[in-house]
Amino acid sequence: ASFTISLHKADNTTVMIKLKPGLSSSCRIRMKYVIMSELKIKPGENVTFIFTCSTPEKYFFMEIQKNIDCVSGPCPFGDVRLYPPGLPRLNRTYIWDVKASTKSGLELRFSTSRLRQMEPGETCPDSVSYNISSCIDKATVNIGTFCRNGSVSRVKLLGGVVMSLQLPWHLALSTSGFNIANRTSIKRLCIIESILKEESSITLMSPNYPLGFPEDELMTWQFVIPPSMRASVFFHNYSLSNCERKEERVEYYIPGSPSNPEVFKLSDSQPANIAGSFNMSLQGCDQDAQNPGILRLLFKVVLQHPQVDENVTHLVDLSKEKNMTVTIHLEGWPSNIPLMSEPICLICKDPRTCDRVLTLTSGAVYRISFLCKDLSRLRVTAEKVIGCMDIRWCQRKIYSLSVPKAITRLPIRLHKFIWKLLATDMINVEITSPSLKLQQHIPEQRCNTSYSYSIVSATPETELDVGVFCPGGSIEKIQMRNNITISLKTFGKGFINESIPQDLKMSFVPHIKDECIFTVSPNPKAKVYLQAPNWHSGLPPSVSISWFIIVPSKQTARLGFSKDRMGITCDTGRAYINIKEETLGAEEIVRREDELLPQPRDMHHSFWVNVSNCRPVDKTKLSLQFWVTSIDKQTDLGIILAVVAGAGVLTVIGLAVCCVKKKKKKTQNPMVGVYNANVNTQMPGKKGLFRKGRQNNESHVYAVIDDAVVYGHLLKESNGSVAPEVDVYRPFDGRVGSLPPSPPPFSFRKDIKGSSNTEEGPLPLTDTDQDTYTFAHQKSGQSEDSGDGNKKEKGDTSVPLMENKDWDGLVE
């Protein structure tokens, strides 16, 4: 098909048909006998042409430019029509270049279809877009790019205007959609009018966005709001230039305001809950010539109906709180904030200062209100910092970790309350729950409460996820090192009622040896599951954790492990599990990572469970879990018979010893006390710190040495009933103390698989070891059980003994 384009000279219009860049020239334009790749038709020309292909829209596009002079001649006010008619169906861009004086600006009206400003990179759904630029002298400022179906109804510009309209090839329009209204002096870069009628939000940008707003310029947005609606302004993206003179600011003219214009910085919270129409202006400054910077602004205006309870205020008294912040926000904040394309919830700390997120700080009293149809979408997140830099000032203080009533009284749900407990390296944190006690949340023992506590311990070397806990369990106390974060998180709506008896307490305590120590008091007939911190990623290398299980005297506890082995392979060092009852002469059970864990066993006294990790090989982790049950002790007939039989055996042994003594008294000479003052009975060592020792006060001289004194230790080994007299060596069987058992140092551990280690020599004597005496020697060749599976070498027969009173200082 052939096309004919006829341009009148008076229309001052030029048509250009161009080949799309990057495409091959398989389609051409033929005019008579000439074939060309582009065509330019000037004013007054009449041209007929054809395309050499059936789909020219794939290869060509058109530009139709009309020059309008409103300076030397009359301005064609009214609707701007699309000229010329009969153009080929190609993608086309209409450009109107209007020259006007800077003393009389131009006004463009979009009455047919109001415009919506596009963000950078956005495309219009119908591929129809408008671009408006202002021409002042020789400078061109891009006011913005717009789509159809928006709120922008008028644009007033200072000086000339370059208006462009892009249309797709398949869309045929008969009108441009705008008209030139009149000429008026505005004394600023531009004025953009936006009409809002229904609940919605609009996005607007400063000219040249995201490039810089012109230096020392002023522009205004006019918002037409129905008197029954409320508008709020939110700045979403802005930057500031480097000013030499003046100051960048935003000014509002709000009818009825006592201080028009109201001046705000771009960093301030902008006015909200505005009733009726208002103006907003952006003022630039004189910029630094060497480093001008960029002034730009992207903002939203939200329109919604007034809320029924907007005048209802809620008192939030934080005047007595310290180091605490309270944030009221929408659900999903900060990672998931709903878009402003629909009515939103606003939180106001005064009638005109509202936002989707409001942060309150301690030390003040607030009266807040809500502009929200559904308060169930709002949440509260609070954070409190408690620190201790000197144990002398903090040790005796007990802090209550409970949610303040100022938060629980709000008509919105608490999402999370975070306590950050900060301390120096040698100060630790102790958490207790005296009445409710805590339960560890694990798959075998899930919490069913409306809230839980997540505890994380952070040291300079490692971060330890202690676990998730809820009230109503068996854990009475948790001691941890360094900085602790406790997060209370709620589930459901029952927190306010269930949290009334909150009793979580915290105090600062001196340094502890382990990374974490749990104190557990199992409820009778209940199975308590406990697992080591960092369950999913495994216990960190070289970390030691302890549990102290309290077993009342009338109860028996049964201890069992959930797995047969630790499930870890060590690269450096060894991993150990130690179990020991807190009673006289208790046996300590030690297992390495390459050994089977103990089978379920009964524990008749309070006991310790300690796990110490090694440095594992890659992809192996130590995740320990065990359980404890507690039942009342029952005395059965077998136990009674065993006790009676044991008493009978002791009686027989006692009678035998008496007979032996009587026989010896008849046959032996009378007992004689022997003392040789020339014999040095001291062990080698340093000179004592105290001048008067036992060698001076003669407390070690014996008048008579009875047989029972010499052989008393043998009678004790055979369950004899003869009680030895003073100064006889007795094996230590005193109280263990409150410290958890610890595995032997790495330098003393021997590989039970047969690897030989260097034998350690005797420990050096301390200053208090000078009064040690030897009354008996172990027989040569006899071995002694060390208690941990390792035996002493033959030949080490000398056993230095000490007075019973000297053991008191060595228990630790």
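Trainee: Hi! Which residue forms a salt bridge with Lys 420?

Mentor: In this predicted model, the partner of Lys 420 is Glu 383, and their closest N and O atoms are 3.7 Å apart.

Trainee: Okay, and which strands do those two lie in?

Mentor: Lys 420 lies in strand β36 (residues 413-423) and Glu 383 in strand β34 (residues 378-388), so the salt bridge ties together parts that are 37 residues apart in sequence.

Trainee: Is Lys 420 buried or exposed?

Mentor: Somewhere in between: Lys 420 counts as partly exposed, at 32% relative accessibility. Glu 383 is partly exposed too, at 27%.

Trainee: What about Arg 481, which residue does that one pair with?

Mentor: Arg 481 forms a salt bridge with Glu 515, with 3.2 Å between the closest N and O atoms. Arg 481 is in strand β41 (residues 475-481), while Glu 515 sits in the loop between β43 and β44, so this pair links parts 34 residues apart in sequence.

Trainee: Are Arg 481 and Glu 515 buried or exposed?

Mentor: Both are buried.

Trainee: Nice. How many salt bridges does the structure hold?

Mentor: There are 20. Glu 107, Arg 109, Arg 154 and Glu 193 are even linked in a network of them.

Trainee: Switching topic: what is the strand order in the open sheet of four strands?

Mentor: The order is β18-β27-β20-β24, with antiparallel pairing. The edge strands, β18 (200-205) and β24 (274-275), each pair on one side only.

Trainee: And how many bridges join β20 and β24?

Mentor: Two bridges, in the antiparallel sense. If you want a spot to look at, find Arg 230, which stands opposite Ala 275 in β24.

Key:
Residues are numbered from 1 along each chain as its sequence is written. This is a predicted model: local features need pLDDT of at least 70, side-chain atom pairs count only at pLDDT 80 or more; totals for chains, interfaces and linings use all residues. Side-chain values use heavy atoms; hydrogens and water are left out. Two strands pair if DSSP finds at least two bridges between them. A salt bridge is a side-chain nitrogen of Lys or Arg within 4 Å of a carboxyl oxygen of Asp or Glu. Buried means under 20% relative accessible area, exposed over 50%, partly exposed in between (1.4 Å probe, protein chains only).
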